Amino acid sequence: MLDMRAHLCPSPRRHLHSLWLILGINTMFILIVPRKGPILRGGERDQGAMRLEGAEIGHVVTRFPPEPNGYLHIGHAKAAILNEYFARAYKGRLIVRFDDTNPTLEKSEYIPEILRDLRTLGIKWDNTSYTSDYFDILISIAKRLIANNVAYTDDTASETLRYERMKGIPSYCRNRSIAENLHAFQDMCEGTPQGLKTVLRIKMNFSCSNKACRDPVLMRTTSEYYDRNQQYKWLLKIVRKYDILTAQTPRLLDYSKLAFVRTVLSKRKLRWLVDNHIVSGWDDPRMPTIKGFIRRGLTPEGLRDFVTRMGASRSGILMEYDKLWALNRQHIDPTAPRFWAINKENVVPVRLEGEDTEAPGEGEDSISLIPLNKKFLNLTLHGKDKKELVKSRDILIDQKDARGLVEGEEITLMDWGNIVIKTVTGGGEGGGPVRRVVAKLNLDGNFKKTKKKIHWLSNSSLLDENRVDLTIRTYGPLLSKDKPEDDDDISDLVIRDGYREEIAFGDRNLRSISPGLIFQLERWGFYRVDSVKEAGKASPRMLTLVNVPDGKKVKKRMPL
């Protein structure tokens, strides 16, 4: 069991910004050990950007470095999936290294939750480490950089420091003596008031056109990232020049961020949404967190497929979600049982008349078994590949189907057979609701010749022992703006009415399903069981379902 206290205690020196943290989350850290051997040429997906130039089987180490200051979101998922992809493709190792360098934002709850999210995605890593474990080494490296006069401490106000860097003006601290710098650095390590105002900078080139190389900050008292490969490579050159570090040189593979419309990935802004109760929590189905996407019905397989198809390209584009959800549908379609439901407010009773050897008797039910999924006959649920089809003389259909019926019309009841409409009560030219339909069974009729094929439920589905009530939620986007800017006030962009809700009656096969199952309500869409409330003495079983987007841009039901 991990003792989180060992990594999250409020020690002053843990405020130091690690030398290693100049890497951004979208830079892959790859350690390639030079050794002769076969080079991976790739499989079906391992093409172009999905190959590592010069890498050899068994000699690749990749690293996924989350900060324990929030829950993983879909951007982190891309980083984790790609790092694991290369580690496994080259039979190497994946390290999960927590950048636990900012205790003001870190919470012990995040570490196990991050690891749980990685397991949910099917990510398998070889070992876990913490930046704080290496502070003694990092401090030693920093002191040696100071002693060799290639690093210095700077207590310039942040606004002034930023201005001087943009204008190419060297800091007045740049020519401090080694003794002064060592003394100031000790203040940083001890977390004194003066030390908290001080940063450690590396002497590079103030005339460099790349402003990130104008004496970048190596250690500081914040947790800001600097995604700058040029300064990283320069630093490696310096530490080797003075024999400060002799480890194998890592290679860096850059790739674009995942950027989706109407989405924000800033942990600070996501935390604001949670703290201000705009969303129900970090796992709200509208949140771009792993937990949120899982509740929305995204499968780990669908997400991994999406990321590996994208590859490690550096081309950044703002994407719609349709491709992600369309790929996800390919993964859930073969494993999703099919069930029926009718909107509670739109129920229309239908009386079936006429003699038929297959029809149930008066007041009786006739039960037959049919496949869970007619497209994928091998699908099973709880060890069974069949579900119950309950037939009775009194059935229920949806108002939208009843409204278009006319007397004498022949239609098909799905999975049963044809009926001929005798009378329709209500509706008509006035456009009012249909109140009742009477029809005659015609099970010898040809279903191929009917234009209308509708789903239905036995009236006995409403009996207490059979009844299943459904609360069906369809979620919309989180923000009103396709591409939020960094300086946008998120409170102005939030769509507070985040979902629409329908209440429906479900078929009796839903009595035994559990939370997390993804299935299809035929003629509605795909849904994930979010929660279950078991039946009581005076209440039916109640399921809360979350609509799983299918990737189609034109929604047939409940567009948001």
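Let's start with how helix α4 passes helix α6: the crossing is right-handed. I should say straight away that this is a predicted model, so please hear everything today as a description of that model. Helix α4 covers residues 135–147 and helix α6 covers residues 178–190, and their axes come within 9 Å, crossing at roughly 160°. That angle makes α4 roughly antiparallel to α6.

Who does the touching? On the α4 side you'll find I139, A142, K143, I146 and A147, and they meet I178, N181, L182, F185, Q186 and C189 of α6. Sorted by type, the residues of this contact are 8 nonpolar, 2 polar and 1 charged.

Now, a second pair of helices, for contrast. Helix α2, residues 74–89, packs against helix α10, residues 300–310, at an angle of about 70°, and the two axes are 10 Å apart. These two are therefore roughly perpendicular to each other. From α2 the contact takes in I74, A77, K78, I81, L82, E84 and Y85, while α10 brings L303, R304, V307, T308 and M310. Here the count is 8 nonpolar, 1 polar and 3 charged.

Let's step back for a moment and look at the protein chain. It has 12 helices and 26 strands. Of its 560 residues, 53% are buried. And if we take contacts between residues at least 6 apart in sequence, 73% of them join residues at least 24 apart.

K267 gives us a nice single example of partners that are distant in sequence. This lysine lies in helix α8, which spans residues 267–275. Is K267 buried or exposed? With a relative accessibility of 15%, K267 counts as buried. In sequence, K267 and G70 are 197 residues apart, yet their C-alpha atoms are 6.5 Å apart in space. Setting aside neighbours within four places in sequence, K267 touches E67, N69, G70, Y71, H76 and W282.

On to the strands, beginning with β2, residues 60–64. Here 5 of the 5 residues are buried, so β2 is largely enclosed by the rest of the structure. As a reminder, in a regular strand the side chains alternate between the two faces of the sheet. In β2, both faces are covered: V60, T62 and F64 are buried on one side, and V61 and R63 are buried on the other. The partner to look for is strand β3, residues 93–98, which pairs with β2 in the parallel sense over 4 bridges. If you'd like one spot to click on, V61 has R93 of β3 as its bridge partner.

Last stop: an open sheet of 7 strands. Reading across, the order is β11-β24-β25-β26-β22-β23-β12, and the pairing is mixed. Which strands sit at the edges? They are β11, residues 338–339, and β12, residues 341–343, each of which pairs on one side only. Elsewhere in the sheet, β22 (residues 468–475) and β26 (residues 541–548) run parallel and are joined by 6 bridges. Within that pair, T471 stands opposite T544 of β26.

This sheet also has a helix on it. Helix α11, residues 322–332, lies across β24 (518–521), β25 (525–533) and β26, and runs at about 130° to β26.

So, if you open the model after the meeting, try finding α4 and α6 with their right-handed crossing, then K267 in α8, and then the sheet that runs from β11 to β12. Thanks, everyone!

Conventions
Residues are numbered from 1 along each chain as its sequence is written. This is a predicted model: local features need pLDDT of at least 70, side-chain atom pairs count only at pLDDT 80 or more; totals for chains, interfaces and linings use all residues. Side-chain values use heavy atoms; hydrogens and water are left out. Axes are lines fitted to C-alpha atoms, for helices over the stretch in contact, and angles run from 0 to 180 degrees between N-to-C directions. Angles under 35 degrees count as roughly parallel, over 145 as roughly antiparallel, 65 to 115 as roughly perpendicular and the rest as oblique. A crossing is left-handed if the near helix is turned anticlockwise from the far one by less than a right angle, and right-handed if clockwise. Contact means heavy atoms within 4.5 Å. Ala, Val, Leu, Ile, Met, Phe, Trp, Tyr, Cys and Pro count as nonpolar, Asp, Glu, Lys and Arg as charged, and the others, Gly among them, as polar. Two strands pair if DSSP finds at least two bridges between them. Buried means under 20% relative accessible area, exposed over 50%, partly exposed in between (1.4 Å probe, protein chains only).
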